[in-house]
Amino acid sequence: MKTIGFIDYYISEWHANNYPTWIKEVCEKEGLDFKVEYAWAELDVSPLDNRSTEEWCKEFGVQKCSSIKEVCEKADYILILAPSDPEKHLAYAEEALKYGKNTYIDKTFAPDFNTAEKIFELGEKYNTKFFSSSALRYATELDDMVDTKSVVTLGGGGNMPEYIIHQIEMAVKLLNDTAKRLRVEKVGDNQYVTFVEFDNDKKATFNYSVANPFAVSCQAMDKRSRFSVIRSDFFKILIADILKFYQTSKTSFNTEQTLEVMKIREAVIAGMEKNGQWITL
């Protein structure tokens, strides 16, 4: 059995509560033998449901560790969580990446572009393979959207700074180019539209509102248009890709795109306070 160690800010949160089951389901489907075996959380009690790390570990059949060091020493592979607290990722990565074990770092990868670069530098320093992604990159609805010239995405979630990552990830995957500038317009209470210009005259528009479903519309170089509401089981596809990465040390996409995503996200957040002003990236 190959063991996975969880590192989290508080362990009882949506991702940690679902990943063990999805890992088990993917393993059963693919004939793999991974298991979440170890866990450590900085906060012992979750502020979401008041469940302790010990209670969480008992429910999921996981061994509670007393430190990041213990997790990293015992587990074969590392999974850094804290999806709603990306400001924690650098400190966790500083400890975890020392061990040279293949590591997945949950979305949102980092709070800003500078921190993202620091984590990449740590990976190089310790020669540790890692990657990060929004699960929306794995939506199968994107598979046929090739040679994309322009993208319009739709998405929601509790707040724009945390959930805009999903729309950015989809656009960066489809356009596969460098963003030059963007502007954000507030169109209602907690509703924003972001316009992004990329190299090679490519463009993206992000439409965020709390209750929006995730959807994507694109136009290809030959002017064909496609539209899809995202309904695929993208989280399990992400889990399958993480497990494949653990086995092979190879990622399914160029991880420099993660830095591009972080650069755009940082500018989007800044743009929320500069209604309609262009921001150069």
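Biologist: Which residue in strand 4 is the bridge partner of Ile-4?
Modeller: That would be Tyr-77. Keep in mind that this is a predicted model.

Biologist: What makes strand 1 and strand 4 a pair?
Modeller: Two strands pair if there are at least two bridges between them. Strand 1 and strand 4 (residues 77–80) are joined by four bridges, so they qualify, and they run parallel. On strand 2 (residues 34–41), strand 1 has a parallel partner too, with seven bridges; there, Ile-7 is bridged to Trp-40.

Biologist: Why is the pair of Phe-34 and Tyr-246 called tilted?
Modeller: Their ring centres are 6.1 Å apart, and the limit for a pair is 6.5 Å. The planes meet at 40°, which is neither under 30 degrees (stacked) nor over 60 (edge-to-face), so the pair counts as tilted. Phe-34 sits in strand 2 and Tyr-246 in helix 7 (residues 234–248), 212 residues apart.

Biologist: And what makes Phe-109 and Phe-120 edge-to-face?
Modeller: Here the angle between the planes is 75°, with 5.6 Å centre to centre. Because edge-to-face begins over 60 degrees, the name fits.

Biologist: How do you know that Phe-120 is buried?
Modeller: Its relative accessible area is 17%. Buried means under 20%, so Phe-120 passes. Phe-109, at 2%, is buried by that rule as well.

Biologist: Why do you say that Arg-137 lies over the face of Phe-253?
Modeller: Arg-137 is 3.8 Å from the ring centre, and the distance limit is 6 Å, so that part of the test is met. The rule also asks for a position within 35 degrees of the ring normal.

Definitions and conventions: Residues numbered from 1 in each chain as written. Predicted model: local features only at pLDDT ≥ 70, side-chain atom pairs only at ≥ 80, totals over all residues. Heavy atoms only, no water. Helix = DSSP H or I, 4+ residues; strand = E, 2+ residues; numbered from the N terminus. Phe/Tyr/Trp six-rings, centres within 6.5 Å; stacked < 30°, edge-to-face > 60°. Buried < 20%, exposed > 50% of the residue type's maximum accessible area, 1.4 Å probe, protein only.
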